[in-house]
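Let's take a walk through a protein model together. Have the picture open while you read.

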Amino acid sequence: MASRGGPMVLGTDGTDFEHRQRVAAHYQISALNKSRLKYCIFFHYLLFFVMLVKLSADILDRLDIFILEIEELQIPPPLWWEYFWCLSVFLSFIGLAAVRGNRVNDMKKYMVGISTIGFVPLLYCIFYYLNDVLEYLNLEEGTELDDTDIFVWQGYPYGLLWYGFVLMAFQVHFFSLFFAWNLIKAWRQRGALKKGQ
């Protein structure tokens, strides 16, 4: 070891530490993408709670619980895709378990699940509300929403509100898949290096 301006240990020029300071690239990639995937899963939870709030009126009706404040909001009844998309939150547990154990097969299951249970309902939502959104975007200046066939909730076009949700959910799912794929590549590279040694 060398101290600034002081004596140096015999047999070294002070640069022998450099080979020990490097972390293999696949470990850096793994650590970075694990952190990013956890953020995506956190945002997935936030979107799930937004959806749960939307579904609360229907859930309470099914349980025969009456809350006046929720009933006064006149929340439209849910469609099948809303409940189906909610199932995607359970995939986060598979993803987090894969992150903790560096398990490639579990991460693949997470990716397949997000691709189906996450994206398919969102695509259905896009096509379901497409006519309303296109009609709203093509409205002439000064046209009242009440004079159109566009479904309106609380003064806002309902389809456009769903498009905002879908945009956020698409981003979260896309980045989740991207980071999960990067993790799989890093873990495979690590496995290949171990087999080579």
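What follows covers the membrane spans, a surface patch, one helix and some aromatic rings.

First, the ground rules. This is a predicted model, where local features need pLDDT of at least 70, side-chain atom pairs count only at pLDDT 80 or more, and totals for chains, interfaces and linings use all residues. Residues are numbered from 1 along each chain as its sequence is written, and side-chain values use heavy atoms, with hydrogens and water left out.

An unreviewed UniProt entry places the feature "transmembrane region" at residues 39–60, 80–99, 111–130 and 160–184. UniProt positions are in the numbering used here, feature names are shortened, and annotations may be inferred rather than shown by experiment. Residues 80–99 are 80% helix and 0% strand, with end C-alpha atoms 31 Å apart. Residues 160–184 are 100% helix and 0% strand, and their end C-alpha atoms lie 36 Å apart. Helices here are DSSP runs (H or I, at least four residues), numbered from the N terminus.

On the outside, W80, F84, L87, F90, F93, Y124 and Y128 make a nonpolar surface patch of about 720 Å². Helices α3 (80–86) and α5 (104–128) each supply at least two of the patch residues. Y124 sits in α5.

Now for α4 (residues 91–101), the home of L96. L96 and K38 are 58 residues apart in sequence, yet 7.4 Å apart in space, C-alpha to C-alpha. Setting aside neighbours within four places in sequence, L96 is in contact (heavy atoms within 4.5 Å) with K38, I41 and Y45. Buried residues in α4 (under 20% relative accessible area, with a 1.4 Å probe and protein chains only) include L91, S92 and G95. Just after α4, N102 takes a positive phi of about 55°.

Which rings pair up? The structure holds 17 aromatic pairs, meaning rings of Phe, Tyr and Trp (its six-membered ring) with centres within 6.5 Å; planes under 30 degrees apart count as stacked, over 60 as edge-to-face and the rest as tilted. Here are two of them.

| Pair | Centre to centre | Angle between planes | Type |
|---|---|---|---|
| F48 and F49 | 5.5 Å | 65° | edge-to-face |
| W162 and F165 | 5.5 Å | 90° | edge-to-face |

F48 is buried at 16% relative accessible area, whereas F49 is partly exposed (between 20% and 50%) at 48%. W162 and F165 are both buried and lie three residues apart in α7 (residues 158–196), about one turn of the helix. An α-helix has 3.6 residues a turn, so residues three or four places apart point the same way. W162 and F165 also belong to one aromatic cluster, whose members include W80, F84 and Y124.

Methods: Patches are made of residues with over 30% relative accessible area and no salt bridge: like charges are joined within 9 Å, nonpolar side chains (Val, Leu, Ile, Met, Phe, Trp, Tyr) within 5 Å. Accessible areas come from the Shrake-Rupley method with a 1.4 Å probe; for residues, only the protein chains shown count as cover. A salt bridge is a side-chain nitrogen of Lys or Arg within 4 Å of a carboxyl oxygen of Asp or Glu.
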